[in-house]
Amino acid sequence: MRPLVIVPTYNERDNLPLLIEQLLTIDGLRILVVDDDSPDQTGQVADEFAAANRARVQVLHRTGRRGLGLSYIDGMYVALRTDSTHICQMDADLSHNPADIPRLLAATERAEFAIGSRYVAGGRIENWPPHRRMLSAFANRYIRVITGLAIRDCTSGFRCWRRAALEKLPLASIRSDGYAFIVELAWEASKAGFRCGEVPITFVERRRGASKLSTWVILESAILPWRLAARRK
Ligand SMILES: Nc1nc2c(ncn2[C@@H]2O[C@H](COP(=O)(O)OP(=O)(O)OP(=O)(O)O)[C@@H](O)[C@H]2O)c(=O)[nH]1
Ligand SMILES: [Mg+2]
């Protein structure tokens with residue numbers, strides 16, 4: 001198994017060093033940081049790790065239009081040019097625990113992709129205020145009802161793909177450029193007939209740095225399920 005994890009970053013300089021150190025403790029895991037020209041110099045912090053560990057850490061510096069979805073698409077193309085057998089994705093803000101990656105990888109033995117899930121038995125959220133819990137729970141229910149997607153936590157950005165599955169997804173035609181990308185990708189995967197293994201995780205609210213959840217991001221995510229439902233017909 002040759003796993004690689006894609007970590008999109010925008011202003012995460014206080015979180016990234018600890019995250020990379022924890023990721024490097026996982027046997028053989030390679031790291032691809034996709035930085036969107038962060039004003040706080042996260043890109044340079046990532047470069048320092050890459051210089052010290054060329055075999056395992058790589059940085060993709062994006063310029064031009066910023067976006068989580070755009071970053072993931074660029075990162076996935078780079079990842080697919082490596083010989084990685086499994087491609088994971090996770091947030092840089094330490095909300096996702098690197099120690100859960102081996103369980104996600106193991107779940108891909110029985111499914112084309114695995115999701116670190118807050119909404120299956122054993123899944124938890126720590127330190128989220130009630131309004132964030134409600135927004136997230138509502139978003140998941142809203143998406144499931146409108147699109148028919150059977151995944152409990154379809155907004156989770158903590159995932160692991162078998163390489164062969166990711167290769168088959170139409171990355172070039174995914175239109176969401178923000179957080180909605182996460183949902184659109186899950187929808188494409190389930191349309192392709194891929195099985196999803198949901199692995200319970202404990203999600204911890206970020207302690208450092210700021211959330212990038214904006215009104216536009218929420219609006220794009222509110223519209224997306226209707227677009228997907230229309231495409232189904
Ligand atoms: N490359 C890139 N990364 C981004 C962008 N927006 C967010 N990210 C990263 O995506 C991950 C998730 O973003 P967060 O701001 O933590 O969003 P969130 O997890 O939904 O919100 P919180 O729970 O408040 O943290 C983090 O690693 C961010 O740095 C972007 O435009 N470009
Ligand atoms: Mg976060």
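A residue counts as buried if 20 or more other C-beta atoms lie within 10 Å of its own, and as exposed if 12 or fewer do. The exercises below apply this to a predicted model.

**Exercise 1. Which residues of helix 2 are buried, and against which elements do they pack?**

Begin with the helix itself, which covers residues 42-52 and in which Thr42, Gly43, Val45, Ala46 and Phe49 are buried. Next, look down the axis of helix 2: its buried residues fall within an arc of 160°, so they line one face of the helix. Then turn to the face that points away from this buried side, where the exposed residues Ala51 and Ala52 are found. Finally, follow the buried residues of helix 2 outward to their partners, which are strand 1 (3-9), helix 1 (16-24), strand 2 (30-35) and strand 3 (57-61).

**Exercise 2. Describe how helix 1 and helix 2 are arranged, and name the residues that meet.**

Two packed helices are described by the angle between their axes and by the distance between those axes. For helix 1 and helix 2 the angle is about 30°, and the axes are 10 Å apart. Angles under 35 degrees count as roughly parallel, and the two helices are therefore roughly parallel to each other. The crossing in which helix 1 passes helix 2 is right-handed. At the contact, helix 1 contributes Leu16, Pro17 and Ile20, which meet Thr42, Val45, Ala46 and Phe49 of helix 2. Sorted by character, the residues of this contact comprise six nonpolar, one polar and no charged.

**Exercise 3. Is valine 59 buried or exposed, and which residues does it touch?**

Locate valine 59 first, in strand 3. Valine 59 has 21 C-beta neighbours inside 10 Å, and therefore it counts as buried. Setting aside residues up to four places away in sequence, valine 59 touches Val33, Asp35, Gly43, Ala46, Asp47 and Ala50. Two of these names, Gly43 and Ala46, already appeared among the buried residues of helix 2.

**Exercise 4. Where does serine 84 lie, and is it buried or exposed?**

Serine 84 belongs to the loop that runs between helix 3 (68-80) and strand 4 (86-89). Its count of C-beta neighbours inside 10 Å is 20, so serine 84 counts as buried. Apart from its neighbours within four places in sequence, serine 84 is in contact with Arg2, Pro3, Leu4, Arg30, Ala79 and Arg163. As a last step, consider histidine 96, twelve residues from serine 84 along the chain, where the C-alpha atoms of the two residues are separated by 21 Å.

Technical notes: Residues numbered from 1 in each chain as written. Chains lettered and ligands numbered in written order. Predicted model: local features only at pLDDT ≥ 70, side-chain atom pairs only at ≥ 80, totals over all residues. Helix = DSSP H or I, 4+ residues; strand = E, 2+ residues; numbered from the N terminus. Arc of directions from axis to C-beta. Contact = placed C-beta atoms within 7 Å. Axes fitted to C-alpha atoms, helices over the stretch in contact; angles between N-to-C directions. Parallel < 35°, antiparallel > 145°, perpendicular 65-115°, else oblique. Left-handed = near helix turned anticlockwise from the far one by under 90°. Nonpolar A, V, L, I, M, F, W, Y, C, P; charged D, E, K, R; others polar.
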